[in-house]
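Got the viewer open? Here is a short walk through the model, one selection at a time.

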Amino acid sequence: MGYLPTDPANFASEAIDGFAAAYPRHVRRIDGGVMRLAPIPTGQVGVVVGGGSGHYPAFAGLVGRGLAAGAVCGNIFASPSAGQVVRVGSAVERGAGLLLTFGNYAGDVLHFTLGAERLRRQGIDVRIVTVTDDIASAPIDQQELRRGIAGGLAVYKVAGAAAEAGLPLDEVERLARKANGRTRTLGVAFSGCTLPGADQPLFEVPSGRMAIGMGLHGEPGLSEGPLTEAGPLAALLVERLLAERPADVPEDEQRLVVLLNGLGCFKYEELFVLFGAVNRELQGRGVVMADCECGELVTSLDMAGVSLSFFWLDGELEGFWNAAADSAAYRRGQLAAESDGPQPRPTQRPEPELPSGLPSGPPTQPAPLTPVQQALLARFKAVEEELQERVEELGGLDAVAGDGDHGLGMLRGIRGARESAIGACGRGCGPGEVLMEAGEAWSDHGGGTSGALWGGALLAAGQSLAQATEIGPNDVAAAFGAALQAVIDLGQAAPGDKTMLDALQPFCLRLRADLEAGLDLAQALQNAANTSLAAATATADLLPQRGRARPHGQRSLGHPDPGAMSMAYCLLAASAGYVGLHGVADPAQAS
Ligand code: ADP
Ligand code: MG
């Protein structure tokens, strides 16, 4: 993607820095994303949008009066971390609570949910409304499984206007849900998109064909057809969307907001040609177009494609849709003067640097490391080296039915976790605390579904070791058991759903069995890791039931699950040459 050579690891944050510099009348850069230049008045609900980067004008472009109070900005195509959600949420909140609203993707849901819990612990009332407008991603009776795409604008606009009108959080939440329930989108792609720094597109659409139902993150389309002219394409989109008219809207009383969205590489003139065709289709069917937008609303890097959204209005929603707003990317009407007078500038905290190459030796002012700490840090190092080797392999596996970010996400996660573990060891923390801090860092830096799950798993393992002074084989098994339970609780996957669980659970079962059979810990860990790799490899035969890959089940047959493979690689690296967490040299090595 793009023309200027760029460092992919910094691309997203540099883009947000530059965006904030380009729109100084609208936004300011804060740790985790952007917020409105003038904070919302005291007592106003804060609407916070967010998601991965690569979708401009979503999400930072929608921050402004009458719209979002802040945006949490993740890495390219990766959900922001729970920590970012907390930092943006606390920066914008002004006493009336927060509505967090974002597209329904597993990683975003996990991180925003964890972030909301942390904000609630600070005494803030937080609600979540996920956007589920993409009709191609699940059938109507499973609407809660649908992804969120360009129709999100209807939800964000209504919620932002309701908050600006001074409505309480209950009402802002209700209206956002109502807007989401009456919005449907269908997209079509003519080409794939390429991640910054990559020399291959994430996927391709054969020339002369179009992929119908293409996801915003480059998830492959659900079906493919020959390219058509604007007329038949408009007819196809309009027909599919009208077939999903909300149950309480009579057929002859439909008033629609029509959003025609370009996905990144689709010329405006060509959009207008298609819009004309959509307009004729609607007129032919007697459907009233009450309002419309035609342009780039939510993009997918350099994907060529379009999506059409219908938002069915009623009297109440129409008022909020038409209300004035002023953000970098969306403006309408005339806003009243700010009521609250000049606002104090919130204190700016610098965005934490992405962890990169880490010192291989101990920290600069080291308390001498205990044998337990040394053993633990050696395992973090081994896992980081393993993941460094596997970035491309894991990214490739994730591109089969997902978004291709798994290798990079895992590497960012382990780097953050290891850096934080080194710091905690330097402060003299015990293994429980070290793992807990590493878990928070993993979820902050890793992003994505796997980042939240790995973060949660390490946190739980750390908690289970927090009380232990001596760590024996059973404590190690209990820590892995706690990690397993955290992955199940957070991700709600079952064995056989084709997730990382299918590698972690066999590991835990084998570890327990071998320990009970009297094997020493080092041998039991090694056996369990081998079992895990075999189980991960065997996920090739499974159909994914969870996460981003679920709608593309067939495509992933024959390929193992990326999260299961990375789990097995990490377990292998962590157990190979195991020297004993209890700090005693490995008996196998001694003999
Ligand atoms: P994202 O899907 O957000 O891009 P990653 O690509 O980093 O996240 O991770 C994808 C992996 O996460 C999948 O291969 C799968 O192993 C794992 N995963 C996804 N959803 C779940 C879930 N609900 N429970 C357990 N693991 C999951
Ligand atoms: Mg992924």
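Start by selecting Asp405 together with ligand 1: a polar side-chain atom of Asp405 lies 3.0 Å from an oxygen atom of the ligand. That makes a polar contact, meaning a pair of N or O atoms within 3.5 Å; within protein, one must be able to donate a hydrogen and the other to accept it, and residues adjacent in sequence count only if both atoms are side-chain atoms. Ligand 1 on its own exposes 570 Å², and the protein buries 94% of that; accessible areas come from the Shrake-Rupley method with a 1.4 Å probe, and for residues only the protein chains shown count as cover.

Before going on, a word on what you're looking at: this is a predicted model, where local features need pLDDT of at least 70 and side-chain atom pairs count only at pLDDT 80 or more, while totals for chains, interfaces and linings use all residues. Residues are numbered from 1 along each chain as its sequence is written, chains are lettered from A and ligands numbered from 1 in the order in which they are written, and side-chain values use heavy atoms, with hydrogens and water left out.

Next, add His406, where an N or O atom of the side chain sits 3.0 Å from an oxygen atom of ligand 1. Then pick Met500: here a polar backbone atom is 2.9 Å from an oxygen atom of the ligand.

Now show the whole shell. How many residues surround ligand 1? There are 19, and the closest are Thr449, Ser450, Gly491, Met500 and Asp561 (a residue is near if one of its heavy atoms lies within 4 Å). Colour them by class and you'll get 5 nonpolar, 8 polar and 6 charged residues. Helix 12 (448-465) and helix 17 (562-575) each supply at least two of them, and helix 12 gives the largest share, 4 residues. Helices here are DSSP runs of H or I, at least four residues, and strands are runs of E, at least two, numbered from the N terminus.

Move to Lys498, in the loop between helix 13 (473-491) and helix 14 (501-516). Lys498 isn't a glycine, yet has a positive phi of about 65°. Is Lys498 buried or exposed? Buried, with a relative accessible area of 3% (buried means under 20%, exposed over 50%, partly exposed in between).

Last stop: the loop between strand 3 (46-53) and strand 4 (64-65), home of Pro57. A cis peptide bond joins Tyr56 and Pro57, with omega about 10°.

Technical notes: Nonpolar A, V, L, I, M, F, W, Y, C, P; charged D, E, K, R; others polar. Buried < 20%, exposed > 50% of the residue type's maximum accessible area, 1.4 Å probe, protein only.
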